[in-house]
Amino acid sequence: MVASDAEAESCQMAGEKSAFVLKQQSQLVELICVSSFSLAAVSPDPDQVDKVRQVYDAILQNPEALVEQAQSMGVEGVKTLSQLQDIGDVASGFSKTEPEIGQTDVVLFRRGDLINSALVRYQVGQEPLIPLKTVAHKLDRHIAELMTSRANPN
């Protein structure tokens, strides 16, 4: 089911985003959010886009630095997720448990000039009905297909 505006706002993602919810007896069981942002929107200058791509890749290739930065800002309980190397051109993932919100797993990845994210939020102590890797793989596959169809319009 498509998420309500309030549920979608809790995704806190940039770019074009979509949010879906899985509910059981009107109780939110799982929230799934995906978003994509084109680096071309940053600047019309290809050199500037290339610089932003390099910075983004450097960040994603060092997720521990992001966790350390979050901890220095008082955010606790953030862990890196592993085994995401088969998503996009470069990817990184994080997980955080917040008792009043739930377990949140996030993957950030770049494919070509698109920055993408996928988020799955579910009840603490439960396994997600749709795991983050599944959502990220589907988003990545969709983006790869779009990029191929744009490159080969016939």
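Of this protein's 154 residues, 40% count as buried, where buried means under 20% relative accessible area, exposed means over 50%, and partly exposed lies in between (1.4 Å probe, protein chains only). Keep in mind that this is a predicted model, in which local features need pLDDT of at least 70, side-chain atom pairs count only at pLDDT 80 or more, and totals for chains, interfaces and linings use all residues. Residues are numbered from 1 along each chain as its sequence is written, and side-chain values use heavy atoms, with hydrogens and water left out.

**The overall layout**

Walk along the chain and you meet the pattern α-β-β-α-α-β-β-β-β-α. That makes four helices and six strands; helices (H or I, at least four residues) and strands (E, at least two) are DSSP runs, numbered from the N terminus.

How does the radius of gyration fit a compact globule? With 154 residues, such a globule would have a value near 15 Å, and the protein's 16 Å agrees with that. The radius is taken over C-alpha atoms, and the globule rule is 2.2 Å times the number of residues to the power 0.38. Along the principal axes, the C-alpha atoms fill a box of roughly 45 × 40 × 25 Å.

**Inside the fold**

In general, nonpolar side chains tend to be buried together in soluble globular proteins. Here, the largest nonpolar core has 15 residues, and I87, A91, V107, F109, A118, V120 and V135 have the most contacts inside it. β2 (27-38), β5 (102-111), β6 (114-122) and α4 (132-151) each give two or more residues to this core. Its largest share, five residues, comes from α4. Another core, of ten residues, lies apart from it, and its members include A8, V21, L31 and V106. A nonpolar core is a set of buried Ala, Val, Leu, Ile, Met, Phe, Trp, Tyr and Cys residues joined through side-chain atoms within 4.5 Å.

**Two residues to look up**

| Residue | Where | Relative accessible area |
|---|---|---|
| A70 | helix α3 (residues 63-72) | 16%, buried |
| Q83 | loop between β3 (79-81) and β4 (90-98) | 54%, exposed |

Take A70 to begin with: from its C-alpha to that of L129 is 28 Å in space, and the two are 59 residues apart in sequence.

Now for the backbone at Q83. Most residues other than glycine have a negative phi. Q83 is not a glycine, yet its phi is positive, at about 60 degrees.
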